[in-house]
Structure formats: structure tokens, C-alpha cells
Amino acid sequence: MKTRTVPSRLYLTEKQMPEKWMNVRAVMKNKPAPMIHPGTREPLDFSGIEPVFCQEVIRQELDNDTLYVPIPSEVLRYYRMFRPSPLCRAYELEEALGTPAKIYYKFEGNNTSGSHKLNSAAPQAYYAKQQGLSGITTETGAGQWGTALSMACAHFKLDLTVFMVKVSAEQKPYRKAVMETYGATVIPSPSATTDIGKKILSDHPGTGGSLGCAISEAVEVAIKSGGAMRYTLGSVLNHVLLHQSVIGLESKAAMEALGEYPDVVIGCAGGGSNLGGIIAPFVADKLSGKNVRLLAVEPASCPSLTKGKFEYDFGDTGCITPMIKMYTLGYDFIPPPDHAGGLRYHGMSPIISKLYEDKLMDAIAVTEKEVFDAAKLFAKCETILPAPESAHAIRAAIFEAEKCKVTGEAKTILFGLSGTGYFDLAAYTKNA
């Protein structure tokens, strides 16, 4: 049995919680490509994006140079209800694997949304309120983002319309119930409530939908609101990864407090928010010469990094968004109705895509069976039922730990446990 040299869970104090977000683009030698207008192919400036997003969000989206961005006091106050989140040592998992590796995970599921998504939902709702908007629109896949944004909108007193991918709405009715409890209007997508939704239903009768479809509908509603509403996104874009950097900043501070540093940092990869958040400070370390491996883990059913192309593509199925240079499977890609959860987006964050293209990050794709085998082992060992998304990172952490068992190396592994799986019981039943 391993000697427990450090606590199973370490909580930073409120005073140790970051008061600034880290903009990883500021340390990247090769910046992500800008969004472009699909017609002119020219980079979009503030005015070109303003009809869709909140003004402060746009400023953050376009800022490639400011390393640290102050977190507004009202957002910090909200954060303090659920942050800092714990850094945990997976002693029981290590024991079960018989590995000399040390496995740490940053647990982001200790809030009602059950995930890391609240880190960006809070500032985006705050900025919308400060701008004087009456409400915002969004999409959600597995439901974590919609749940988090419904919580933030209730706090900042904003209306919210959520287009939820239809297959997820059918698989997770109680996610919809939580969003509605907080006051959100939830519409399964594609729907007959928008022009784009009607067209998608006509072209693809019986479709279970996709994040690309839901984004199109949410953007259409925002644009047609006459300026009263804006669209918000929970992943992919630069400003979202900026907000999520609190995960990595807290992780690094907690590991330093324990006298530890990771050999490998792992995150599940759908659009890139959780992954981009946990790796942010370690990207800076890697670029300065530190020997740390960054690893993205995606579902084999939606492998944008490992099977996609690095090119400009639309962010939505209806082709009404700006074009983004990213690893993509194509804007019209509709994934199979498996339980990859929120990891079903056709493209990847421009930041993550550029890091991967420049070979600063590795990526692997894993199957649903591998994911749920890992999830069940983790649940039995560590008492937390992980979200299917998070279980992709768990699977990779187990791979790395098993390699150490063969080589005898006592590597330190850090992964992001982005959320809980209590709304995913149908998936667990299917994979029993």
C-alpha cells in the first residue's frame, strides 16, 4: 500500500484564488489565426462581431497580447461560492492499477451545474448585464453549459433561451428540468422555431441534431432580437479559454504547495474549454523550456484533432457564423447518437488547434467502451461518478499510469475532472 505523503484533497484558500485570468495567446509565438468573414475572407474586427457577442467578450476575444486580465469583482464574488476547487490525489486508483505513477485530478464538479462551465458562464452573463441586454441565447450539448448559464443568468437577472441538442435533450430530461428551474427556456434542436431549424429538419428528417445545428438556431434568435439579446458560447473561442484558465492557475498553485509538478497534463477535448483551461499555465512553461507533455483526449466518434483538417470552417451547421481556422470534421458533420456527451462538436478551439499543429500538444481518440470502463473503475476507486466527457481524460491518465507500471517510472500525472455524471445514468446503464 502506498504511503500517503500528501493529502487526498487540497483546497486553496479564498485568498489564493486567482484574481486574474491568463491569456495563453500572449505567450504563444505563433498566434491562432483570426476569425474571417465568409464572404470577403478578411479578418473580422470589433464591428464585424458586435451583432453576435457582448462588447467586452469581443474585446477579450480579439486581444492576443494582454497576459493577465483582471476578473471583475462581481464575478470574483460569484466564483467564491464554488472556488477554489480541490486538487485531488487518486491514491485508490493508483493502488488499483499497481502503478508507481502519482495521479492528480482537478475536480470541477462541486457546483450545481456539475461542471467547469460556470467559470465562463458567470463572466459572460455579467458582461451582458453590464451592457444593458435583456437576455442572451446559447446552445448546449450534454447540458452542462446550459445548466451553468441558467444559474449565472438567474444570479445576474437575465432571460436565457437554450437550444439543446435533441439527442441530449432526450437522453437527459432532468438537465432540461434543472435549466428550467433556474428560469431558462429550453428548446430541443433542431426545432421549428427558427428558419435554420426548419431547413435542417427538412434536409435531415429525424436527425438527433448537433452542436452546429443548435449554434445556428441560437445565433439566429440573437441577431433577430433587434439588439436586445446576444449569443454566448461555452467553448471553442478564445475568451472562453481565457475564463477557464482559473482551472490551470489553481492547479499549478496547488501542486506547487505540495512540492509537485506534472510530467503530463491531460484534458478531454470537445471544443477545448476544459482542456484549454487546465493547460494554460503549463503552455507557458513548455514554451519556456519546461519538459511537460500536454495531451488532448477526444472521442473516436468525433475525432476533430486526430482525423480532422486544419482549415477555415464555419462554426455552425447553418453557415451564419464567422469562419474559424481550426481542426474540423466539417460544419455539416452530425455525430452518431452515442454518449460522448458534450464532446460532439465538429471543430476544435483555434488555440488548441494551433498548439496541436505546432506539435506542442499530443492528441488521442478513445472509444465509448474504453471511456466507460475507465469511468466505472474511477467511480469504484475514488467515490466520484465522472461525466462521460471527463472519463475520456481518466482513460488517458490510466494509459499513462499503465505505461509507468511497465517502465517503472514514477511520473506525475495531472488531469481535469471537468464534471460529474449524475445526469448520465442512461449511458452508464447502457455500458454496464
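Visitor: Leaving aside neighbours within four places in sequence, which residues is Y231 in contact with?
Guide: This is a predicted model, where local features need pLDDT of at least 70, side-chain atom pairs count only at pLDDT 80 or more, and totals for chains, interfaces and linings use all residues. Residues are numbered from 1 along each chain as its sequence is written, and side-chain values use heavy atoms, with hydrogens and water left out. Contact means heavy atoms within 4.5 Å. On that basis, the partners of Y231 are V52, F53, T137, T138, E139, I215, A218, V219 and A222.

Visitor: How do helix α15 and helix α16 pack, parallel or perpendicular?
Guide: Helices are DSSP runs (H or I, at least four residues), numbered from the N terminus. Axes are lines fitted to C-alpha atoms over the stretch in contact, and angles run from 0 to 180 degrees between N-to-C directions. Residues 368–382 form α15 and residues 388–407 form α16; their axes lie 8 Å apart at about 85 degrees. Since 65 to 115 degrees counts as such, α15 is therefore roughly perpendicular to α16.

Visitor: Which residues of α9 are exposed?
Guide: Buried means under 20% relative accessible area, exposed over 50%, partly exposed in between (1.4 Å probe, protein chains only). In α9, residues 195–203, the buried ones are I196, G197 and I200. They span an arc of only 100 degrees, taken from the directions from the helix axis to the C-beta atoms, so they sit on the same side of α9. On the other side, the exposed residues are K199 and S202.

Definitions and conventions
Helix = DSSP H or I, 4+ residues; strand = E, 2+ residues; numbered from the N terminus. Parallel < 35°, antiparallel > 145°, perpendicular 65-115°, else oblique.
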